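Colleague: I am new to this structure and would like a close look at a single part of it. Could you take me through one sheet, strand by strand, and then show me what lies against it?

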Amino acid sequence: MSEQKNLLWLQSGGCGGCSMSLLCAEGPDLLSMFEGAGINLLWHPSLSESCDDDFHQLCDDILSGKLSLDILCLEGSVIRGPNGSGAFHRLSGSDKTMLQLIQELANQALHVVAIGSCAAYGGITSAGDNPTDSCGLQYEGKLKRGVLGDNFQSQSKLPVINIAGCPTHPNWVTETLIQLAFNELSTQHLDELGRPRSYADHLVHHACPRNEYYEFKASAVNPSELGCMMEHMGCLGTQAHADCNTRLWNGEGSCLRGGYACINCTSPDFERPSHPFMETPKIAGIPMGLPTDMPKAWFVALASLSKAATPPRLRTNSRSDHICIPPGKSAIEGKQGGKK
Amino acid sequence: MSRKIVGPFNRVEGDLEVQLDIKDNRVQDAWVVSPLYRGFEQILHGKDPNDALVYTPRICGICSVSQSVATARALADAQGISMSPNGSIATNLILGNENVADHLTHFYLFFMPDFARNVYSGKSWFDLIQRRFKAVSGSATKEILPPRAEFLHLMGLLAGKWPHSLAIQPGGTTRSIAIQEKIRIQSILQNFRRFLEQTLFADNLEAIIDLKSQQELDNWLDTQNQKTNPGDFAHFLNLAHDLNLCELGRASDIFMSYGAYEKDDSHLFLRGVWDKQLVEFNPDTISEDISHSWMDHQNQAAHPYKGVTIPLADKSNAYTWCKAPRLDNQVVEVGALARQMVNGHPLIRDLVQQSGGNVRNRVIARLMEIAQVTIAMQNWIGEIKIKEPYCEHGKMPDEAQGFGLVEAARGSLGHWIRVKKGRILNYQIVAPTTWNFSPRDINGVRGALEQALLNAPVMEGEKNPVAVQHIVRSFDPCMVCTVH
């Protein structure tokens, strides 16, 4: 803990949103966290003073071994196009492509961390026909064929640590960096897609405030309605690996609390669904994507049973943008709900 | 003549390189290079129109909400619907939240640290400024991060999260709030206002927005300088005076604003163009030229509805991925200064009357907006009627087109969409920094920053001209939006 860990943060084919999210870290703020964990920020594009020649000198010093690089963070995808040249992202003030610089630095770093789904798997930048031939550091979508390749291990013998998310929650990043700084992260702390299990062992569905609507299949049909968004509005919270509803965003928020669908942004290929994001694909009226670990027959049986038992309160409220009928009241306002 | 290539520029959002010709300690010519291309307009082709609501915020992590609003408006225009009154107010609150947070981030994290550089170590104000604004280690950074984060709790309550929300829809917002959220938001705004009044301005917000002329501003500064703890605004004004920042970074002095914070068919900050006088803004006269961009398949400048985005990396005579937008063939400047010129804030009009668009005036306009928009947000939250609808629902026709205009923190952002057979046929985005950091056009006319850099001073032996750093950052550039 006495020794400072040098951290370098680079951005390539992304939006900078993970950095913006990270600046929202609270209790403590980002800089206090770095201080507490003994992390020495060599350079961050939004925060550091130095630019231009000083930056190039810094990279040279790392590559020549003069300066140790303990943690390399990349935010944004690695851009390989056009035609493998990497020319869609040239490093400013040099003839080098970011493709080249990222590979060189990754080979030198003790730990390599992909910040966000772009750096992890390609993400939004690789959507559509992937015009820039973007991929992640170790992955391209679900496949381990990113620029660093299947067998890549950093100097610490760890694979790339994929803090997936679009954007990442500030604490997913800070807690992973602290684990690394304290030498407390090993392969057992990563899931099969390289994500820290600290947040990826949970489902977005956990602690969703719309859970009662989910249980009774009382579904929203239009934006701003209060019902469950799984049946019609494309919500993937029952399948998405993240703790968004137990560890909230910007104080008291999450996608579902904000009234819109979870688009499973911590998953490879989330950017290319086979259907419009805000519509649930169905076969014979049954959503194609079932809740994680739930057998289909069970889901069908439970769904039809719970639909038949939906209380009028939930049926009404699910299609409204505010609570029309409070718990324990019947549909006729003010009157106590009677027994069935 | 020596050629200097400056890059990477940090403390701008995204990637930037500037090429300079320097002679006799002055910048003789400048080329602004955006070195990153991601291809959002290509990605959007063929997608379900509503999917744009997922993709476009992810163009940019710092203007994410502005991108959402531009998409929502373009879709609403194509569908022929408009937002419900509550949805419209909530959208203004969410957008105001992002824009004010961005202005604050720009001032404290991106702009001011350049004055703590060693090049200024001989200045009388250096010790104070270095202690306060030194990148990462200055007292201000640590001090502003918690109130900034708390201010952005509005996003948690109104938009689910920031950045990259799906809460803003063509017909309004997805998050209905009740009395408890309304009260929470009022409290957050009160607390944020307290922070501004103690730390940034050391005065109440009304006193700031009531300043009417340079003379009044000078008098106000004199009063601040008598205080034991003047605010950070006063620190800036003092060093701006000492360094003559009002003589640095003048561009075309034609200012454009799409109009900001729309409500009941009007705007808090008016729509228009300032070219020595106020003239009407006509979106039909917008065009994008690709003569100096690494772009292909467009023979002449085209209106965004007809614009094409096909990259060509090895095009000769081109030097950037950025296209060159023009308004009626003219180079315009966008941003807070432009908005306040168009809207007619007396102090800003007087400052520009005396010294034009420049580094100092751009920063003053931005801080002025922090005060104005925070007050407006406190009014808006009171206007939410909690049981009224938040979102209208429309349907996208199979064939349609529409456009959406919005003011991001750093200026005018527009989206143009054409839909065919229910899918996106063409989607074109013209972002604020596309305007400000445009390359030359077919007539060789330089973009706004390229003009602003001409004649910038270079100190003896200076490897990395600090004046260039100030001029570039005074525009609050967002490079990820610029090219997208």
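Modeller: What follows is a walk through one sheet of chain B, with a short look at the contact between the chains at the end. Please keep in mind that this is a predicted model. The sheet is an open one, built from three strands of chain B in the order β15-β16-β17, and its pairing is antiparallel. Because β15 (400-408) and β17 (423-430) of chain B stand at the edges and each has a single partner strand, one side of each is left without a neighbour in the sheet. On average, and with direction ignored, neighbouring strands here are turned by 15° against each other.

If you now follow β16 of chain B, residues 411-420, you will find that seven bridges join this strand to β17(B), the two running antiparallel. One pairing to look for is that of K420(B), whose bridge partner in β17(B) is R423(B). Against the sheet packs helix α3 of chain B, residues 64-79, which touches both β15 and β16 of chain B, and the direction of this helix makes about 150° with that of β15(B).

Turning to the contact between the chains, 64 residues from chain A and 72 residues from chain B take part. On the side of chain A that touches chain B, the elements giving two or more residues are α1 (17-22), α2 (30-37) and α3 (53-63) of chain A, and the largest share, five residues, comes from α1(A). By class, that side of chain A has 31 nonpolar, 23 polar and 10 charged residues.

Technical notes. Residues are numbered from 1 along each chain as its sequence is written. Chains are lettered from A and ligands numbered from 1 in the order in which they are written. This is a predicted model: local features need pLDDT of at least 70, side-chain atom pairs count only at pLDDT 80 or more; totals for chains, interfaces and linings use all residues. Two strands pair if DSSP finds at least two bridges between them. Helices (H or I, at least four residues) and strands (E, at least two) are DSSP runs, numbered from the N terminus. Axes are lines fitted to C-alpha atoms, for helices over the stretch in contact, and angles run from 0 to 180 degrees between N-to-C directions. Two residues are in contact if their C-beta atoms, placed from the backbone, lie within 7 Å. Ala, Val, Leu, Ile, Met, Phe, Trp, Tyr, Cys and Pro count as nonpolar, Asp, Glu, Lys and Arg as charged, and the others, Gly among them, as polar.
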